[in-house]
Structure formats: C-alpha cells, structure tokens
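What follows is a guided reading of one model, beginning with a helix and moving on to the nonpolar interior and its aromatic rings. Please keep the sequence and the coordinates in view while reading.

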Amino acid sequence: MKDPCCIATRDNRIHAKLRKIIPSKKAILILAWSYLFALSWTIPLSLEGSNFAECFLFAIAPSAIICALIVLVSASGVLQTIRFAANDKIPAWPWCFTVLLSIWAIVLLINYPGAFSTDSVDIINMVSGLPFESDHFRYDSLNTHHPLAWVGFNAVVLKLASIAGIQGTGALGMLSFVQLIIFTACCTFFIQKTGTLSGSKIIWIASLIFFAANPLIAQYASTIWKDVLFSGFFAVFSIQLYACATTPREFFRSKRDVAIFVVAGLLCCILRNNGMIAVCTSLLLIAITLREYLKQIAPLCVAIAITSWLALGLTSSVAGAQPGHFSESIGVALQQIARTASESGHITAEQEEFIDQIIPYEKLPELYLPNSANPIKFDPEFNDEFLESHKMDFLVVWFEMGMQNPESFARAWCAQTEAFWNIDTATWYACEPGYPVDGEENYYQNKLDPYVEAESVSTATNLSISIFFPLFSMGSLAWITLFILLIKLLSKDFKSAACLTPFVTLWATYLVAAPASDFRYLLPLHVSLPLLLLILVSSSGVPTQTESNYTKAADS
C-alpha cells in the first residue's frame, strides 16, 4: 500500500506545476474568453428555435476544447515574442503612396465617377440645393443626421469643382478623387509607421501588399462614405497610439508625431459619434498605463476632447443645423419592441397605446427585419415628432417591455448584432458604382473600356472574400482583436493591451446600438490588421527597434 504522504506530496507537486502554468487569474481569463467564443457559435441557435438555456449548455463542451487548445499553444511557446531585425531600411514613403494611388485610381476609372450610397446622394443633394427630403431622410434643412464635418467636406469639394467650371459627373469624380487622395495618404502613413516601429522591411512589404492587393479596400477608396475617411484617420490614430504606448520618450520628442496624433484623434471624434467614445476611452487607458508620462499625455487628452466638443457644438450652432433624430440611436430598442410584437409577446394596453403614437403596433410584425431597423424608422407612419418629445417615456416603456419579454428582447438583440460577433455571418460589403440620375439606375462610365471589364473589380472582391473570408468577416475581426487582447493580458503586456482599446471600444458600441450589419462599420479593424499583427508578435516595447533609429524615422 502506497504511503498517503507520498501520494499527497505527488499531488501537491502536480498542483504546483498547474498553478505555475496557469495562475488563477489567467485561468479565469482563458475560461471566460473560451466560453464567450463558444457562445458566439451556439447563441444563434436561439434564432432557430432553441431556448437560451440550451444555447448556454451547448457552449460548455466546445469552450473546454478551445480552452485546452489555448493552454497547449501557450505552453508550446508558439506565441512568444517574435524578433525582427532592427536595422532594416524602410523604403521612402513616395514609393508606397505611388503604388496605392496608381492601383486605386485605376479602380476609380473603372467605376467612374465612383460609388455613391443613398446617404451620399442625400448629402450631395442637400449641399447642392436640390430636393433631398424623403421617407428615409426626414429633414427639410441642414441637419446633424450625418456629421457636419463630413457634410462640409462634400460641400467644399463640390464648391471648388463649381468654381473650376467642373459640373455633373466631373464634379462627382473630383469628390471621389479627393477622398481617394486623403485615404491613400492615411494608409501610406500607416504602412510607413508600421514598418518603422517594427524595424522590419518584411512587415513593411506585407502591409503594403495587404493594401495594394486588397480589392475591397480599393473599392472603398472611391466610395463616398464617411466610414472610408474615418477608417483612414482611425488607423493613423491607432498606430500613433501604439507608438506613444511603446516608445513614449521618443514619441514625445517628435512634435510631428504628437501633432499627427492629436489631429487624427480630433478627426475621428468629429466624423463619428462612436469615434469620440473610442478615442476618449483609449486616451484614458493610455494615461493610466503610462502614469509616468501623465504630464505629457494629459494636455493631449484635453486638447482632443475639448477641441472636438467645441468643433461639434459651435459648427452646429453657427450653421443652424437641426439635431439628428432620436430614432437613429435606438435601433436595437425598436427592433426588440418589433420582435415582441411579431412573437405576440406580453404588452399592456397602456404600452401598446404609447407605441401606437410612434408607429402602429399592429404594423410592426410586417416591418420587422431581423438585422436592420430601417424599415421601421423609415416607414411613412413613423412619428419622429412624438418620439423626440417623449424620449424618457419611450425608454421607460422599452424597459418595462424588456422585463416582461426577456427572451424576445434577447433574440432581437442577437439577430440585430449577430454580424458583429458571429464568425459565420455574411454581410453587405459595398454599394454599386455610379450615381443615380433622376431616380433611375446608377450611371457610371468605365474609362478603361475595352481594356478592363467593368465587372472585374466586383469579381476580384468576391473572389478575395471567398478565399480569405475570416479577414472579411466582422465577427472574425472582432474575435481576432479579442484573442490578441487575451494574449497581451496573459503575458501582462498592459501597454500593448491598452493599444487595442480603440478597436474593442468601437466594436462594443455596435453591440449596444447597431444601426445595421454593413461591413463598413468595422472597416477600421480591417484596415488596421497589420497593426493588430504587430501588436500580437511584439512585446510592450518596439520589437527590437533602437531609440536612435526610431528618432531618425520620426523626425524625417
């Protein structure tokens, strides 16, 4: 018979080894991440008839497998820091700019005068003095439905085109080309900075190939959407945030870097409301992480926050712009009420009477579209005026209905936000090229015909999406980001983890108020994939970049 003391000693050794491999906090973190990832596959079953209890139970087994895989990968050392040569000479920025501009300009010529969404057409009509009011754009004057910075950009470019004697599709082509130039400049800076911070020509080449050979980004470059320029500025802000976090002393020595950081942050704030949330949250966490540099970081935080707040407030006041409709902020809530109606959920007579004053309650089942609140918001009977004057009453009724119909509300949230967390969910990528003329089919002219077919761009885009689907799935992009965050937290690399704040915060805002499931909403994550890779393979400092090399690159 074995000595109990020997057995106890052996068990203690095993437990000690396990604790050494996976400390308790790390174990909780791995388990939580694994279970949430597994839930992203099982929760959609609730939309097919399963109850939520079953979905949570179904996630246990796969989460255990995922957890075991993460532990094995961590123990194998595969995710140890990869070191790059720090003395690689990064090619000058004109090479990168010229390559991107040439490729994307060709796509613009194929899709001339560019691609224009419904929102873009509304804005162009508004700044051009043409009729613009419709069921989906219920305003009769300048408004903040779209950011005034974006509206102003369209107005200025079209006015300059008019002064230059450029009219019609020529003016629209000029608008697309100006956006393309700005977006190209942002992506060039991002690529150059990625190469400089890694000190690796391989990383620089890989980043350039990612942008140059990516047909979807090429298509977006000449698509008039605020999300395109926002993504470019967001990528610049994020790479500057990484430079600030990993090489703060050299970063604050460079006035150029500091200025670009502030300007990019400001532009992100005024181009999207959730951009302000992402930027301010990131600045707060960086200030906490780099407490020793608080004196340098604090003024930048204040400058970005106050300047963006003043810019938004003063511009709106001076321009006399109408505020955007409250309905744009409560898409998920409207979807939850509509789903309750379509499932014949519990509702009191008083609640139904209140909803009726916004939109007929009995009409909601036919208007309900699981992944978009647009049919409800844009219905001719939707009463914006009543909703605007009863905001708090609406929130109270919504909360009460949620307590009465928790499963209907949960299913509505899952359906509305599924594209943002489910890897296997398709989405809408890009609008058709051209500009609608007199409400008819989009007009566009392939300037490279007959040398290049007009369908070549969309064909290349569809092929890329089918081959590299994880890079074009919003759910995949979100989980890639969260996986990198997990690795950084496990390795206690809190500076690099803080650099992921812009992406995680931006993604989280769509879980709360997803307007639709368009890929453009997470385009900033797609554009910033080279930075996410760099954060994954780097430690809290620049991989092996020397101070002198960084300083020279920053000041050049």
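In this predicted model, helix α24 is followed by Lys492, a residue whose phi is positive, near 60 degrees. The helix itself covers residues 474–490, and because each residue should add 1.5 Å, its 17 residues are expected to span 24 Å, which agrees with the 24 Å that separates its end C-alpha atoms. Helix α24 is mostly covered, with 14 of its 17 residues buried.

From this helix one can turn to the nonpolar interior. The largest nonpolar core has 135 residues, and those with the most contacts inside it are Trp104, Phe183, Phe211 and Phe420. Helix α11, residues 226–246, gives the most to this core, contributing 14 residues. Apart from this core lies another, of 26 residues, which includes Ile330, Ala333, Ala341 and Leu367. As for Trp104, when residues up to four places away in sequence are not counted, its contacts are Leu180, Phe183, Thr184, Cys187, Phe211, Ile217, Ala218 and Ala221.

The aromatic rings deserve a reading of their own. A pair of aromatic rings is described by the distance of the centres and the angle of the planes. The count for this model comes to 25 aromatic pairs. In one of them, the rings of Trp33 and Trp479 have centres 5.5 Å apart and planes at 85 degrees, and since an angle over 60 degrees counts as edge-to-face, the pair is assigned to that class. Trp33 belongs to helix α2 (residues 24–42) and Trp479 to helix α24, so the pair ties together parts that are 446 residues apart in sequence. Both Trp33 and Trp479 are buried.

Phe230 and Phe234 form another pair, with ring centres 5.4 Å apart and planes at 40 degrees, so this pair is tilted. These two residues are four apart in helix α11, and therefore about one helical turn separates them. Phe230 is buried, with a relative accessible area of 2%, and Phe234 is likewise buried, with a value of 0%.

Ring pairs also link Phe237, Phe251, Phe252, Phe261 and Tyr293 into a cluster. What lies over the face of Trp225? It is Arg520, placed at 4.7 Å from the ring centre.

Note on methods:
Residues are numbered from 1 along each chain as its sequence is written. This is a predicted model: local features need pLDDT of at least 70, side-chain atom pairs count only at pLDDT 80 or more; totals for chains, interfaces and linings use all residues. Side-chain values use heavy atoms; hydrogens and water are left out. The expected span of a helix is 1.5 Å times one less than its number of residues. Buried means under 20% relative accessible area, exposed over 50%, partly exposed in between (1.4 Å probe, protein chains only). A nonpolar core is a set of buried Ala, Val, Leu, Ile, Met, Phe, Trp, Tyr and Cys residues joined through side-chain atoms within 4.5 Å. Contact means heavy atoms within 4.5 Å. Rings of Phe, Tyr and Trp (its six-membered ring) pair if their centres lie within 6.5 Å; planes under 30 degrees apart count as stacked, over 60 as edge-to-face and the rest as tilted. A charge sits over a ring if NZ of Lys or CZ of Arg is within 6 Å of the ring centre and within 35 degrees of the ring normal.
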